[in-house]
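This note is offered to a colleague who is meeting the structure for the first time. Its points concern one sheet and the spaces within the protein.

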Amino acid sequence: MAAAITGVGLSCPSKLSQSAAGRRQKRCASVVRMTLLDEKKKTYTLTKSEEAFAAAKELMPGGVNSPVRAFKSVGGQPILVDSVKGSHMWDIDGNEYIDYVGSWGPAIIGHADDEVLAALSETMKKGTSFGAPCLLENVLAEMVISAVPSIEMVRFVNSGTEACMGVLRLARAYTGREKIIKFEGCYHGHADAFLVKAGSGVATLGLPDSPGVPKSATSNTLTSPYNDIATVESLFEANKGEICAVILEAVVGNAGFITPKPEFLNALRKITKEHGALLIFDEVMTGFRLSYGGAQEYFNITPDLTTLGKIIGGGLPVGAYGGRREIMEMVAPAGPMYQAGTLSGNPLAMTAGIHTLKRLQQPGTYEYLNKITGELIEGLVGAAKNAGHEFSGGYINGMFGFFFTDGPVYNFEDAKKSDTAKFARFYRGMLEEGVYLAPSQFEAGFTSLAHTDEDIRKTIAAAERVFKTL
């Protein structure tokens with residue numbers, strides 16, 4: 001009698017001596033495992049994604065509504081997502097992936113969380129948008145104010161870009177100054193003033209980094225390498241009484257994952273106070289992710305103003321900016337600085353945000369994120385080194401990144417030393433192994449409360465296989 005393996009076409013006869021049978025079973029098991037792996041590779045197809053993406057390119061610029069999704073920096077066929085749940089996602093071809101993008105950060109408790117979906121369902125019965133005040137805005141505002149050290153008042157908007165546009169206008173209105181310092185590799189949305197090329201180690205006046213941005217829009221944007229306090233000091237000296245604020249991602253997530261040197265944030269806080277300028281933390285990515293109070297709580301540095309997004313909307317479009325009451329009271333209708341939005345504070349985003357933050361308040365949340373993310377990065381670094389690759393990585397709780405260079409990576413210039421061609425091959429290999437990473441070397445990755453030890457184990461095992469092929 002034979003024990004057949006359905007769909008593989010192998011069987012292991014049982015009419016053998018016990019020892020021979022044991023050896024044969026081991027050989028059969030090995031063949032089965034190899035055959036299953038081969039079958040998996042054969043069945044990985046993106047035919048439907050290819051067809052849909054070809055059609056999309058006739059309908060939308062580049063076939064996407066945000067450039068990184070087009071896979072330009074990694075090559076190959078972009079996948080079209082069909083559904084998500086927990087830590088996993090499925091494309092329209094039926095391929096399943098462990099997801100480390102998490103909608104670029106919002107899905108910190110996992111995709112399509114049952115409690116959040118149930119709350120949204122109840123809210124939708126009352127309507128999807130009011131264009132008028134609702135009680136849910138009060139609830140989420142109170143939660144944000146109680147969590148984030150710098151925020152005494154908050155204004156909700158609809159995206160991180162909109163939040164950064166508003167906070168820049170507010171900083172200029174409050175100080176009566178126009179110049180701002182930003183850092184190379186820090187992304188603050190696509191508003192004209194922020195689309196600026198940074199100086200190559202020497203501070204320069206910004207030049208537009210995109211066609212359509214007039215020089216006049218960026219002439220007041222000064223740039224400095226990240227983690228370079230000397231350049232910041234020289235900028236303040238050269239522009240005395242003209243700089244309204246310094247804005248930065250306290251942990252860079254849009255040039256890869258880059259953390260501040262120990263003295264950097266303290267030095268920025270000191271120098272901005274000395275010169276009467278504001279310190280702005282863009283926490284669209286790090287807010288409620290590095291800790292419940294964001295990067296400012298994690299590093300114990302309180303800025304004057306903060307921008308938020310992503311997590312506070314629980315996966316729905318949202319943004320916010322907030323800070324000291326005396327500054328925020330400049331915002332209309334309390335003050336003269338105008339900013340408005342039709343869908344700002346809409347009930348669905350508020351509901352998803354409220355229930356997401358409630359989950360994050362539970363004991364052990366950030367300890368768990370730190371555990372699984374640490375295991376992931378340690379496993380990836382070890383696998384890369386064992387395979388002979390230059391590789392470095394880092395993490396803080398639910399945010400991580402890695403580079404194909406030994407590092408250290410302190411700024412965007414260091415990050416650009418990474419072997420991006422090798423990253424692209426690694427990325428495509430991991431995709432075929434069922435692991436979805438950000439399709440760019442210069443983007444951070446994200447874990448969630450839904451990621452399991454098994455997810456991490458499978459990811460490291462997949463990386464070990466892929467590293468050996470590079």
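1. Two strands are said to pair if DSSP finds at least two bridges between them. In this predicted model, strand S14 (residues 399-403) and S16 pair in the antiparallel sense over two bridges. For a residue-level view, Met 399 has Phe 446 in S16 as its bridge partner.

2. The pairing belongs to an open sheet of three strands, ordered S13-S14-S16 and antiparallel. Its edges are strand S13 (392-396) and strand S16 (445-446), each of which pairs on one side only. In general, strands of a sheet pair through backbone hydrogen bonds, in either a parallel or an antiparallel manner.

3. A helix accompanies this sheet. Helix H12 (residues 365-386) lies across S13 and S14, and the direction of H12 is at about 180° to that of S13.

4. Enclosed space deserves separate attention. The count comes to two cavities of 30 Å³ or more. The largest cavity holds about 90 Å³ of space. Which strand gives the largest share of its lining? That share, three residues, comes from S14. Phe 400, Gly 401 and Phe 402 are among the lining residues, as are Tyr 100, Phe 423, Leu 437 and Gly 445. By class, the lining of the largest cavity comprises seven nonpolar, four polar and one charged residues.

5. The second largest cavity has a volume of about 50 Å³. Of the 13 residues in its lining, Asp 99, Gly 102, Ala 107, Ser 448 and His 451 are the closest to the centre. The lining of the second largest cavity divides into three nonpolar, eight polar and two charged residues.

6. An open space should also be considered. The second largest pocket contains about 500 Å³ of space. It is lined by 27 residues, and those closest to its centre are Glu 137, Val 154, Arg 155, Phe 156 and Pro 333. How is this lining made up by class? It has 15 nonpolar, eight polar and four charged residues.

7. Which elements each supply at least two residues of the lining of the second largest pocket? They are helix H4 (135-147), strand S6 (153-157) and helix H10 (325-328).

8. For inspection of the model, two places may be taken together. Strand S14 pairs with S16 over two bridges, and S14 also supplies three residues to the lining of the largest cavity. Gly 445 is likewise in the lining of that cavity, and strand S16 spans residues 445-446.

How values were computed: Residues are numbered from 1 along each chain as its sequence is written. This is a predicted model: local features need pLDDT of at least 70, side-chain atom pairs count only at pLDDT 80 or more; totals for chains, interfaces and linings use all residues. Side-chain values use heavy atoms; hydrogens and water are left out. On a 1 Å grid over the protein atoms alone, a cavity is a set of points where a 1.4 Å probe fits but cannot get out, and a pocket is an open set with protein on both sides within 12 Å along at least five of seven lines; lining residues have an atom within 4 Å of a point. Grid points are joined across faces, edges and corners, and a volume is the space filled by probe spheres set on the points. Helices (H or I, at least four residues) and strands (E, at least two) are DSSP runs, numbered from the N terminus. Ala, Val, Leu, Ile, Met, Phe, Trp, Tyr, Cys and Pro count as nonpolar, Asp, Glu, Lys and Arg as charged, and the others, Gly among them, as polar. Contact means heavy atoms within 4.5 Å. Axes are lines fitted to C-alpha atoms, for helices over the stretch in contact, and angles run from 0 to 180 degrees between N-to-C directions.
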